[in-house]
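Hello,

Here is the structure I promised to pass on to you. Please have a look at it first, and then read my notes below.

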Amino acid sequence: MYYQVMSGIVLGVEGSLVRVEVDASNGMPYFSMVGYLSSEVKEAKDRVISALRSVSFPLPPKRITVNLSPADIRKAGSSFDFPIAVAILGSFELFPIQQLKDAFLAGEMSLEGVIRPVRGLLPMILEAKKHGLKKCFVPKANQKELVGIQGIDIYPVATLKEMLDHLRGYQTINRLEPKKFKAGKKPVYPDFSEVKGQYQIKRALEIAAAGRHNVLIIGPSGCGKSMLARCLIGVLPKLDQEELQEVRAIYSARGLSYENAGYPPVRNPHHSVSPSAFLGGGTHLNAGEITLAHDGILLLDEFSEFKKTCIEGLREPMENHNIAISRVGKQYVFPSDFMVVATTNPCPCGNYPDRTKCKCTVSQRIHYRKKVSRPVLERFDMILWAEPVAFEDFDDDSIDSDTISKRILYGRNRQKLRYEKESFSYNSRIPNDKIDEVCNFDDDTKTFMKTIFQQKELSMREFYHMLKVSRTIADLSGEEQISIEHVAEAASFYNRGMELE
Ligand SMILES: [Zn+2]
């Protein structure tokens with residue numbers, strides 16, 4: 001007879017449901033599988049036939065057709081073994097067939113019928129839930145990744161035999177308790193009080209973290225710019241439940257587990273990273289570093305040393321907060337709403353402006369800085385120049401990370417309240433058509449902004465960034481109206497310096 005169960009596949013970082021249909025009829029003994037299958041899926045046939053023997057069910061000499069639909073999506077991976085085996089058992093009525101109405105199944109199987117873990121279960125289950133499915137039978141080894149999912153019952157299964165016994169009522173598989181997700185310890189990062197001097201950069205990073213602004217720090221080697229970037233990670237507020245679920249689904253799709261105690265993800269790719277590992281794509285359509293940094297921080301040390309394709313590839317995600325990747329006539333959109341903190345040297349040797357150490361020529365310096373093009377520079381809200389640390393800075397009494405993180409939280413909460421009914425939650429994400437509505441200032445401030453615009457030869461995009469940074473500065477000081485001081489401070493954090501040569 002005919003029987004069907006629901007399974008799924010991950011396309012990019014999103015789950016999509018796949019119907020597994022089996023038809024067993026009389027005729028020449030035959031086993032065929034159709035539905036736009038990759039070679040791994042075709043191999044399922046041998047694993048399934050062998051695993052069925054483990055439940056004392058040698059495949060009868062019948063004409064068996066397995067179809068995975070929809071037929072226009074290419075099915076890859078090994079997660080169809082388990083649903084195919086169960087659908088075959090169902091087509092021979094080996095259990096009450098109503099049992100799997102509203103159920104989702106996925107898992108790889110060994111030849112003895114042991115259910116093995118698969119990647120991307122979380123986005124698949126979220127999709128199953130969206131389609132009204134009520135329960136999921138998934139590999140036991142994947143259960144940790146699924147803790148905290150509400151609204152759909154999850155049954156971790158160890159073997160095909162256990163599953164069949166459960167369906168026949170001989171034994172019960174226990175449902176996974178839907179408790180709150182809590183994994184990993186709070187990551188430890190250096191404290192701002194450990195960095196001497198660099199007051200302007202510390203202040204800028206505090207503002208950046210509060211409004212999720214992108215920052216580029218240019219400075220000689222040894223001035224502590226990478227250390228400062230790391231301090232910033234330690235003061236970020238935790239993600240909310242919705243953000244956390246999204247981040248976990250992205251990691252699940254990549255076959256990674258997300259353990260950061262609810263804090264935002266931090267990705268720190270090396271400058272030699274390949275464009276597909278950085279931006280996403282490749283043979284398996286994997287999420288890249290910029291997607292793994294979604295809702296978190298993308299830390300880019302030695303920014304000028306990254307491949308040109310990587311640097312230029314940031315233009316789209318820094319503007320739209322996602323990246324579109326085309327594959328075989330289809331376009332997949334990966335979320336990538338991250339905050340960039342990039343650091344770079346001012347010249348190839350890294351010692352400029354110390355002329356006793358730096359022997360780079362003007363043209364070498366210009367060439368080096370032009371590795372980051374103007375359109376990419378324009379997408380940073382703050383461009384800061386770190387000075388070498390002065391001797392007097394060593395006995396300074398810096399503010400610690402704890403104090404800074406409290407102030408950031410205050411600034412964030414003000415934004416959350418203001419943007420409660422909006423589709424965005426941070427000042428840096430204010431759409432251009434909303435700027436007038438949320439950035440209030442008087443006529444004097446307006447005149448001052450005009451002067452800055454002309455003096456700094458800003459583009460419209462850069463001007464808007466500066467306005468958004470001013471909004472965050474006003475929020476941090478608890479003011480609804482943006483004043484001249486706020487704009488002046490925001491302007492002091494934007495120094496391209498390219499034209500100085
Ligand atoms: Zn140099």
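A good place to start is Arg212, which comes right after helix H5 and has a positive phi, near 55°. Please keep in mind that this is a predicted model.

Helix H5 itself covers residues 199-211. Its 13 residues should span 18 Å at 1.5 Å a residue, and because the end C-alpha atoms are 19 Å apart, the model agrees with that expectation. Several residues of H5 are buried, among them Ile201, Leu205, Ile207 and the run Ala208, Ala209, Ala210 and Gly211. Ala204 and Glu206 are buried as well.

What do the buried residues of H5 pack against? Their partners are two strands, E10 (215-218) and E16 (382-385), together with the helices H6 (225-234), H14 (401-418) and H17 (460-476).

Now for the wider layout. The protein chain is split into domain 1 (2-168), domain 2 (192-425) and domain 3 (430-496). Taken over C-alpha atoms, the centres of domain 1 and domain 2 are 41 Å apart. These two domains do touch: 12 residues of domain 1 are in contact with 13 residues of domain 2.

On the domain 1 side of that contact, strand E1 (2-11) and helix H3 (121-130) each supply at least two residues. H3 gives the most, with four residues. By type, the domain 1 residues that touch domain 2 comprise seven nonpolar, two polar and three charged.

Enjoy exploring it!

Best wishes

Methods. Residues are numbered from 1 along each chain as its sequence is written. This is a predicted model: local features need pLDDT of at least 70, side-chain atom pairs count only at pLDDT 80 or more; totals for chains, interfaces and linings use all residues. Domain bounds come from an automatic or database domain assignment. Two residues are in contact if their C-beta atoms, placed from the backbone, lie within 7 Å. Ala, Val, Leu, Ile, Met, Phe, Trp, Tyr, Cys and Pro count as nonpolar, Asp, Glu, Lys and Arg as charged, and the others, Gly among them, as polar. The expected span of a helix is 1.5 Å times one less than its number of residues. A residue is buried if 20 or more other C-beta atoms lie within 10 Å of its own, exposed if 12 or fewer, and partly exposed in between; C-beta atoms are placed from the backbone.
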